[in-house]
Amino acid sequence: NNIYVAGHSNVGSGTTYFDVLIMKYAPTGGAPTNSTTQDAGFSGLDTPHAMALDASGNIFVGGQAFNAPVHEEDYVTMKFNNNCVHQWTQTYSGDAEALDRINAIAVDQVSGNVFVTGRSKSLASSEDYYTIAYDNNGAELWNDRYTSSGVGFDEATDIQLSGTGFVYLTGYSYEAGTNNDYTTLKYDVAGNLIWDTRFDGPSGL
């Protein structure tokens, strides 16, 4: 199987600064068989934090793009074909216009839909889980913001899909009295929250 690597690369001053870098290697290694750099559109610091492939070998990355001085860090999701040719980019900024970061991405191998999650800053509820579903062409299907009680720090760190369309997230949430707890969510295929559950360790910290 081929090997895929994502990161960022400094493309030089006076251009688009740090862009997303995608490289594809043959199983035997050696030089990349394909590679590309792609700006998120803001000519800032673009950093991928997660990667997934669909059944056709298309490459999806999610991370953050620095959109100064307007939004600071924004969600960024990109699709590349199997030869590392850019197909589309989608970005998202919370209403606090800062600290939005994708930590995890998953692709439904049947429908081709793409799911990203991480943290997004809101004026009303501070940092929250924020999840977006896209179809394979980059059209948004649904989104949801999840916050624990109070104005605490909530951050999703992983996402998994079931074979029947359910979406599972996990991460951590701050709760007064128990500090950071495991917090796990389940959504249906339409983005409706089915349940959420928390786990606080024995120390209560």
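**Figure 1. Charges and overall dimensions of the chain.** The chain carries 8 positive and 24 negative charges, and the mean positions of the two sets are 4 Å apart. Lys and Arg count here as positive and Asp and Glu as negative, while His and the chain ends are not counted; each charge is placed at NZ of Lys, CZ of Arg, CG of Asp or CD of Glu. The model is predicted, so local features need pLDDT of at least 70 and side-chain atom pairs count only at pLDDT 80 or more, whereas totals for chains, interfaces and linings use all residues. Residues are numbered from 1 along each chain as its sequence is written, and side-chain values use heavy atoms, with hydrogens and water left out. Along its principal axes, the C-alpha trace spans about 50 × 40 × 35 Å. The radius of gyration of the chain is 18 Å, which agrees with the value near 17 Å for a compact globule of 205 residues; this radius is taken over C-alpha atoms, and the globule rule is 2.2 Å times the number of residues to the power 0.38.

**Figure 2. Secondary structure, burial and surface of the chain.** The chain has 0 helices and 15 strands. Both kinds of element are DSSP runs numbered from the N terminus: helices are H or I with at least four residues, and strands are E with at least two. Of the 205 residues, 46% count as buried, where buried means under 20% relative accessible area, exposed over 50% and partly exposed in between (1.4 Å probe, protein chains only). The accessible surface comes to about 9400 Å², and 51% of this area belongs to carbon and sulfur atoms; the areas come from the Shrake-Rupley method with a 1.4 Å probe, and for residues only the protein chains shown count as cover. Among contacts (heavy atoms within 4.5 Å) between residues at least 6 apart in sequence, 42% join residues at least 24 apart.

**Figure 3. The hairpin of strands S4 and S5.** Strand S4 (residues 46-53) and strand S5 (residues 59-67) run antiparallel and are joined by 7 bridges; two strands pair if DSSP finds at least two bridges between them. There are 5 residues between the two strands, and Gly57 in this hairpin takes a positive phi near 90 degrees. Asn58 has its place in the loop between S4 and S5. With 13% relative accessibility, Asn58 counts as buried. Leaving aside residues up to four places away in sequence, Asn58 touches Ala52, Leu53, Lys79, Phe80, Asn81, Asn82 and Asn136.

**Figure 4. Met51 and its surroundings.** Met51 is found in strand S4 and stands opposite Val61 in S5. The relative accessibility of Met51 is 27%, so this residue counts as partly exposed. Beyond residues up to four places away in sequence, Met51 touches Tyr4, Val5, Ala6, Ile22, Ile59, Phe60, Val61 and Ile105. The C-alpha atoms of Met51 and Ala133 are separated by 15 Å, with their positions 82 residues apart along the chain counted as sequence separation.

**Figure 5. The hairpin of strands S6 and S7.** Strand S6 (residues 72-80) pairs with strand S7 (residues 86-92) in the antiparallel sense over 6 bridges. The bridge partner of Val76 is Thr91 in S7. The strands form a hairpin with 5 residues between them, and Cys84 in the turn has a positive phi of about 70 degrees.

**Figure 6. Loop residues Ser43, Glu97 and Ser149.** Ser43 lies in the loop between strand S3 (29-38) and S4. Although Ser43 is not a glycine, its phi is positive, at about 55 degrees; its relative accessible area of 39% makes Ser43 partly exposed. Glu97, in the loop between S7 and strand S8 (101-107), is likewise not a glycine and has a positive phi of about 60 degrees. Glu97 is partly exposed, with a relative accessible area of 34%. Ser149 lies in the loop between strand S11 (140-146) and strand S12 (154-161) and is partly exposed at 48% relative accessible area. Ser149 and Ser43 are 106 residues apart in sequence and, C-alpha to C-alpha, 37 Å apart in space.

**Figure 7. Strands S12, S13 and S14.** S12 and strand S13 (residues 167-175) run antiparallel and are joined by 7 bridges, with Ile159 opposite Leu169 in S13. Their hairpin has 5 residues between the strands, and Gly165 in the turn has a positive phi of about 95 degrees. S13 also pairs with strand S14 (residues 179-187), in the antiparallel sense over 9 bridges, and Ser173 stands opposite Asp181 in S14. In the hairpin of S13 and S14, 3 residues lie between the strands, and Gly177 in the turn has a positive phi of about 100 degrees.
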